[in-house]
Amino acid sequence: MILEASFNNLKKYLKKEITFEELSEILFQLKIEVEKQFVEEEEVIKESEEETIKDKIVFEITQDRPDLLSLPGIANLINNFKWNKKPKIDYPVKKDEGKEYKIKVGENVKEIRPYIAGAVVKNIIISDTVLREIMNFQENIHKTFARDRSKASIGLYRFELLKFPLHYEAKDPIEINFEPLGFDRVMTAEMILKEHPTGIKYAHLLKPYNKYPLFYDDSKQVLSLPPIINSNFLGKLEPDDEIPQNVFIEVTGWDEYIVQKCLAIIVMDLLFRGGETYEVSVEYPNGKIIKSPILEPIAMKVSLKNLYNYFGEKLSIQKIEKLLNKVGYLIDSKNEDEIIVKTLPNRYDLMHEVDVIEDIIIAYGLQNLKPEIPKLLTKANQHPSTQLKNTFRRIFANLGYVEVLNYMLTDENILSKNIKNENANYFKLKNYKLEQFNVIRNDLIPILLEYLRYNLNNPYPQKIFEIGSVIRPNPRNYNCCEELLHIAGVVSDSRVNINNIKNEMDLLSKLLSVNFKYIECNNKICFEGRSFKIMVNERELGYFGEIHPEILLNFNLKMPTIVFELELAQLFPEFKSFI
Amino acid sequence: MLLELNEKQKKVVRALTRNYKDLNELKREIDLPENILESILAFLVEAKYAELEQKIEKYYDLTIEGKEYYQNGLPEENLIKIINSGINSINDLKVKFKDLNLFNIAILWAKKSKWIDIKAGKVELITVLAEIEKAINNIKEVLKNPNEKHSKDLLNELLQRKIIIEKERKIKRFRLNSDTPDEEIKKMLELENRDELTPEDIKTGNWRNYTYKKYIITDAYNPPKYFGKTNAYLDFLNIVRENLLALGFEEFYSPSIDLEFYNCDILFMPQDHVARGIHDLFKIEGNIKGTIENKSLLQNVKQIHLNGGNTGSTGWKYNFNDDISRNLVLRSQTTCTSAHFLEYISKERPNEDVKMMCIDLNWRPDTRDRTHSFEFRQCEGIITGDNLSIKNLLGFLTEICHSIGISEIKFMPGYFPFTEPSVSGYIKHPKLGWIEALPGGIFRPEVCGAYNFKKTVLAYGIGIDRLAMAALDIDDIRDLYSTDLEKVKNFKIYKNWR
């Protein structure tokens, strides 16, 4: 996950001076990569003010930490980690005397987007920069944690203009009309999905339904059409550098846990910026009332024995506490066997004590851990297929073949059109990126012929082989296919003689003490009368032959070419599988 | 130093003497093709073993007329023969002669030589026949060998008659160099210099009598063009394998096409995880679904995703869809192979400590660049035991790098859905700098819990292609899978004995 931000703004939240190198070093230890996309001050040639960030830094945040997509969130972590600032984890949810901020949920959103949660954040200075950061944070959460708004969608509104209670209900698309964000005219829901850029982008989230969810206030002013777009009026925050503002936040989605978590993540960002939050209650049609935001610190129980095990040594409880503080935890209680720790409610990655253990290890620093190979006696064993492959690699290299290494993915034409096999049996990829690599190989010879095509200007003779897997559909197996170990070779030169390969096969049979029988066959890619099946007992091991000139031309080849291909499992039926 | 001569050259030296010999003479004497003889002579002159004299020589040759006379007799000779047979009338003689021109010449020269006289249409001899014959024979001697010694008058006469003509020619003559002592030539001829040692020489013991020519090799770079060779990258992977075998690892493989169940679900990746999307996972076309044969494993995984099951985890808190689990995908990580291995050992060898390795292919819809490919290899490993720590994981990753000569390594924390704690290791590439190549961690309880596997499991999936790049000093991952045969043939050998 990517976060782009201004380096100076980060320093403002840190309330400390820091060089980029220091920052990079600290974040590296906290599994955040950071890249600088600006030149140092003295090198900057002053240009006219532009919209773009002049001192841009780019953070790469791991998937498990959406809370760190917030710039003040990162600053908070750095303050704990670098300057040992004691973590603050208690953020009270206040109540306005005599006032209730309620959202009433209609019955009919149940099948469309059933859950909603809200919060009020007051007394926050929203400057131009802050507004841009909040919007950026919201979009990043939408893109990542909320899976492009399918899991959750967020809306921010101008609190002062709302008349409570608010209503969240599904409406007929034709009944919905309001001025969407960025447009100065009233549009129907249908128009928004067809014409508004955001509407077009997220239309698929509402298309399956007859009715669309609508969020509006008690005076019927529309707040938003979740999860598509806010109103241009209520949902458009205006920056103000001096006067603190009050904001209303709403999150809708399919999963109550996700909706609450998403709200906590967003609210925490605003609280880091100096706001204070007030409670919102959501009333569901069954009468159930759920209060939000949920900012209870997350409590986790950690067994000290497990901690020591993972760590590889014992630590004093004082040391553990110090480490925990560095990564945002407080110890809530402790006894001989375990500790209970608490941290901020915007963490999404704390599912098990191991997640806390990892944070302790991060606080300790991987660079401070001494790598150690454990004394652990185990039995080594080389897989039979490795031994088999190596044996065959040696034999064919000694016979003058050069071993090549091709991708398993190839071009569909190579397996079908080029070898005149329209009914070829192979798997195609649903989401291939390049036509050149859109199927999985089911034979090696076509791959080697393609290889020769790349070498038309290299000296001849060209004598190459490859050993590797080919895959063919087979519905009898759990994965609907069989993976076979093949070896194939091709020899291309101005003059070739099929007897050379026949002699090599004779040698192989002698070295393996197996009898090969050769039976003329009419392999489609070979010249008539110039291809032979190789039989071992009653099993077909493979074939050799001379490639038909028409096939050669399909691969752009101008030299006569002889080939062989063997399925190695046929030599050793006692092995069930070589993979 | 004596010149080493071969048999042909010796033949020529033997034919040369202290006196000059004409080239033609040498040609007659020496049984060698002319061009070879001439080149050997030139070589000997160059080497100062022979001297060459070139001069211009005058000589007489027969004209066309002369050649005819030599064959058919001189006209006057023929005339005398006829007269001698009794015919003497001019007219009769003319008839007998046929060629009037020759007849006139015959009469002219016979008269000039004062052999005949003509009176009243009749020819009569005025010189003794024996003398005439002698004179004729003299002429015929000249015609036979114009360059023998002959009387000046006769030659002049014949030149005048245009029977012979004077010509010039270049002649080349050779002799042994007068400065080379006989002894040296003798020695040189006795020296038995041979090109090849033959089986015959060895058998007969003749090699003792011979000396063999020195080989002269040039400085020109000229490696063999055609040879067989195993693939250098696969050879490198074998070295990695051997190193791991030495540490007690056993090899294990799983199919390339697998179910999302093994590639993702069992590894605690939620079904809407970004790494399961079309940008991270190749899916098989067609609505083909595989079969999850281990039903209890499926149930456990489902429960763990929902609420952590009995692992002490909260789980991902969602209801898991079997249909997605059964999708066919190309393995995107060899951790998938580890998932199969855990299924196997948890059933067959639950109480044994094991180390598993697997160097195998993976596929991801990545854009290709110097360090990324859509098809790449990982060196997977898991180590199970009762007292394993994160230090041990760092120990194995470090050891594997060291064993192939990579010493600059650094670790940072990482994130993978199936390991916690997770580590992301970087190696220093000589040209590309730090590259990420060593992902690993300790398997989450949610992963081991699905199998009810009780031991700690260290796991890693090393980007072995990238390690190879650093070890072999290659700066483009695609060079490991090169389609240029010459490149493949000349791929540098990895010096694992360093």
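The following exercises, each with a worked solution, concern a predicted model.

**Exercise 1. Helix packing in chain A**

Determine how helix 3 of chain A and helix 7 of chain A are oriented to each other, and state which residues make their contact.

*Solution.*
Step 1. Two packed helices are described by the angle between their axes and the distance between the axes.
Step 2. For helix 3 (residues 71-83) of chain A and helix 7 (residues 256-272) of chain A, the axes come within 8 Å and cross at roughly 70°.
Step 3. Angles of 65 to 115 degrees count as roughly perpendicular; helix 3 and helix 7 of chain A are therefore roughly perpendicular to each other.
Step 4. The crossing of helix 3 of chain A past helix 7 of chain A is left-handed.
Step 5. Helix 3 of chain A contributes A:Pro72, A:Gly73 and A:Asn76 to the contact, and helix 7 of chain A contributes A:Met268, A:Asp269 and A:Phe272.
Step 6. Sorted by class, this contact has three nonpolar, two polar and one charged residues.

**Exercise 2. The seven-stranded sheet of chain B**

Establish the strand order of the open sheet in chain B, and identify the strands at the edges.

*Solution.*
Step 1. Strands of a sheet pair through backbone hydrogen bonds, either parallel or antiparallel.
Step 2. The order of the seven strands in chain B is 8-11-12-16-15-14-13, with mixed pairing.
Step 3. Strand 8 (250-251) and strand 13 (409-413) of chain B each have a single partner strand, so one side of each lacks a neighbour in the sheet.
Step 4. Within the order, strand 11 (residues 355-363) and strand 12 (residues 375-385) of chain B run antiparallel and are joined by nine bridges. B:Lys355 has B:Ile383 of strand 12 as its bridge partner.

**Exercise 3. A hairpin in chain B**

Describe the pairing of strand 3 and strand 4 of chain B, and the residue with a positive phi in their hairpin.

*Solution.*
Step 1. Strand 3 (residues 116-119) and strand 4 (residues 122-125) of chain B are antiparallel, with four bridges between them.
Step 2. B:Leu125 in strand 4 of chain B stands opposite B:Ile116.
Step 3. Two residues lie between the strands of this hairpin, and B:Ala120 takes a positive phi near 45°.

**Exercise 4. Domains and chain contact**

Give the domain division of chain B and characterise its contact with chain A.

*Solution.*
Step 1. Chain B comprises domain 1 (7-59 + 170-189), domain 2 (64-162) and domain 3 (233-489).
Step 2. The centres of domain 2 and domain 3 of chain B, taken over C-alpha atoms, are separated by 118 Å.
Step 3. The contact involves 84 residues from chain B and 78 residues from chain A. Helix 17 (residues 390-403) of chain B supplies the largest share of the chain B side, eight residues.
Step 4. By class, the chain B side has 38 nonpolar, 24 polar and 22 charged residues.

Notes: Residues are numbered from 1 along each chain as its sequence is written. Chains are lettered from A and ligands numbered from 1 in the order in which they are written. This is a predicted model: local features need pLDDT of at least 70, side-chain atom pairs count only at pLDDT 80 or more; totals for chains, interfaces and linings use all residues. Axes are lines fitted to C-alpha atoms, for helices over the stretch in contact, and angles run from 0 to 180 degrees between N-to-C directions. Angles under 35 degrees count as roughly parallel, over 145 as roughly antiparallel, 65 to 115 as roughly perpendicular and the rest as oblique. A crossing is left-handed if the near helix is turned anticlockwise from the far one by less than a right angle, and right-handed if clockwise. Two residues are in contact if their C-beta atoms, placed from the backbone, lie within 7 Å. Ala, Val, Leu, Ile, Met, Phe, Trp, Tyr, Cys and Pro count as nonpolar, Asp, Glu, Lys and Arg as charged, and the others, Gly among them, as polar. Two strands pair if DSSP finds at least two bridges between them. Domain bounds come from an automatic or database domain assignment.
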